Amino acid sequence: MRADAVRGHLDGLLLSVLESGPLHGYAIITAVQERSGGALELRKGTIYPALNRLERLGLLRSTWESAGERRRRRYELTDAGRRSLAAERTAWREFTTVIGAVLNPAPISGQTT
Amino acid sequence: MKAPARHTGPAGDTDPIEGYLAALTTALRGPARAKARMIEEMRDGLVETAMAYTDEGMPYRQAAGEAVREFGSPEEIAPSCQRELTIVQARHTARVAALTVPLLFACWYLVRTTGQGWQPPGAALLPAGVAATAALLASATLAATGTLARRLPTPRRLPLAVAWTGTTTAVAMALTALAFAVTSPPAVDWPLVALVAALAVASHAVIAASARVCRECARLSAAPSGAGG
């Protein structure tokens with residue numbers, strides 16, 4: 001799946017992989033790719049400004065932690081982030097239900113071929 | 001995972017990761033701390049990605065090149081980074097304006113109280129009103145680009161509007177300070193006037209500089225670009 005297809009859903013994907021606990025940038029990218037079975041082609045560099053933006057919106061909070069000689073930023077969901085994720089899931093279910101009903105219409109009962 | 005040894009090739013043969021980050025650093029404008037943080041986070045991500053490859057036996061230079069390729073070219077990544085840095089810069093400019101104007105007003109009020117019934121001239125009230133309005137707009141910007149932005153889309157031209165609001169604030173505060181200083185009667189506490197005037201000049205410089213960077217950021221964000229993700 002191309003990177004362009006992910007645009008518009010990136011926020012939900014990032015919030016979703018952080019639901020189970022705090023992660024740093026590389027682990028977030030790996031989690032998204034593992035969950036998608038490697039089908040999502042993310043431009044990895046795009047997640048860093050997205051994480052910064054989600055933190056500005058109060059959906060994530062972050063702290064520096066040391067990893068050997070390096071420092072890494074560890075992100076976790078805020079309460080507002082959990083509510084936003086729940087809303088994203090509901091909106092996605094409604095969207096797929098509606099589009100699915102159009103793409104795969106149920107056979108009309110009593111119709112003969 | 002063990003950190004890979006950096007490639008130290010012949011002179012001019014730069015590390016692919018450092019070369020990539022240097023290109024991004026050159027392309028991006030914004031508050032130094034926010035920009036440094038973004039670059040440092042990316043460095044960590046690139047190094048981790050390269051380490052995953054070197055752990056599989058890939059030579060470092062090839063692994064670093066692969067990590068850079070997976071991140072997306074600087075031309076692809078810079079627009080989304082710049083958009084965020086531009087908003088951060090706009091918030092910085094708005095914060096400086098929103099905090100400085102009330103502080104200076106409080107100082108001038110203090111000067112006025114030492115003037116034994118002296119009333120500031122109308123020439124001072126007009127720019128003071130402009131500065132107060134600009135400070136209110138700056139406060140609204142801070143709210144609109146913070147948690148409110150979850151519900152309200154941020155207008156694309158907002159950073160540019162904030163930049164001009166900052167410039168207007170800087171000019172209005174300078175004019176207010178000048179009018180107060182010129183028309184103050186001899187009865188006022190002149191060391192206090194000099195102190196407040198110095199504070200006004202310093203505030204003018206800080207707001208004007210922040211507004212200038214904000215304008216540059218807004219210009220970069222508005223520039224035509226490739227896919228940002």
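Me: In chain A of this predicted model, what share of the contacts between residues at least 6 apart in sequence join residues at least 24 apart?
Reply: Good place to start! Two residues count as in contact if their C-beta atoms lie within 7 Å. Taking the contacts in chain A between residues at least 6 apart in sequence, the share that joins residues at least 24 apart is 51%.

Me: Which elements make up chain A, and in what order do they run from the N terminus?
Reply: Chain A has five helices and three strands. Follow the chain from its N terminus and you meet them in the order α-α-β-α-α-β-β-α.

Me: How much of chain A counts as buried?
Reply: A residue is called buried if 20 or more other C-beta atoms lie within 10 Å of its own. Chain A has 113 residues, and the part of them that counts as buried is 27%.

Me: Where does A:Leu40 sit, and is it buried, partly exposed or exposed?
Reply: Look at the loop between helix 3 (25–35) and helix 4 (47–56) of chain A, and you will find A:Leu40 there. Buried residues need 20 or more other C-beta atoms within 10 Å, and exposed ones have 12 or fewer. A:Leu40 has 19 such neighbours, so its label is partly exposed.

Me: How far is the C-alpha atom of A:Leu40 from that of A:Tyr26?
Reply: Along the chain, A:Leu40 and A:Tyr26 are 14 residues apart. In space, their C-alpha atoms are separated by 15 Å.

Me: Now for chain B: how are helix 6 and helix 7 of chain B directed relative to each other?
Reply: Helix 6 (residues 158–183) of chain B packs against helix 7 (residues 190–222) of chain B with axes 8 Å apart and an angle of about 160°. Angles over 145 degrees count as roughly antiparallel. Therefore helix 6 of chain B and helix 7 of chain B are roughly antiparallel.

Me: What residue classes form the contact of helix 6 of chain B with helix 7 of chain B, and which hand does the crossing have?
Reply: By class, this contact has 18 nonpolar, seven polar and one charged residues. As helix 6 of chain B passes helix 7 of chain B, the crossing is left-handed.

Me: How far apart are the C-alpha centres of domain 1 and domain 2 of chain B?
Reply: In the domain assignment, chain B is divided into domain 1 (16–72) and domain 2 (79–222). The distance between their C-alpha centres is 38 Å.

Me: Which helix gives the most to the side of domain 1 of chain B that touches domain 2 of chain B?
Reply: The contact takes eight residues from domain 1 of chain B and 11 residues from domain 2 of chain B. On the domain 1 side, the classes are five nonpolar, one polar and two charged. The top contributor to that side, with three residues, is helix 2 (residues 32–54) of chain B.

How values were computed: Residues are numbered from 1 along each chain as its sequence is written. Chains are lettered from A and ligands numbered from 1 in the order in which they are written. This is a predicted model: local features need pLDDT of at least 70, side-chain atom pairs count only at pLDDT 80 or more; totals for chains, interfaces and linings use all residues. Axes are lines fitted to C-alpha atoms, for helices over the stretch in contact, and angles run from 0 to 180 degrees between N-to-C directions. Helices (H or I, at least four residues) and strands (E, at least two) are DSSP runs, numbered from the N terminus. Angles under 35 degrees count as roughly parallel, over 145 as roughly antiparallel, 65 to 115 as roughly perpendicular and the rest as oblique. A crossing is left-handed if the near helix is turned anticlockwise from the far one by less than a right angle, and right-handed if clockwise. Ala, Val, Leu, Ile, Met, Phe, Trp, Tyr, Cys and Pro count as nonpolar, Asp, Glu, Lys and Arg as charged, and the others, Gly among them, as polar. Domain bounds come from an automatic or database domain assignment.
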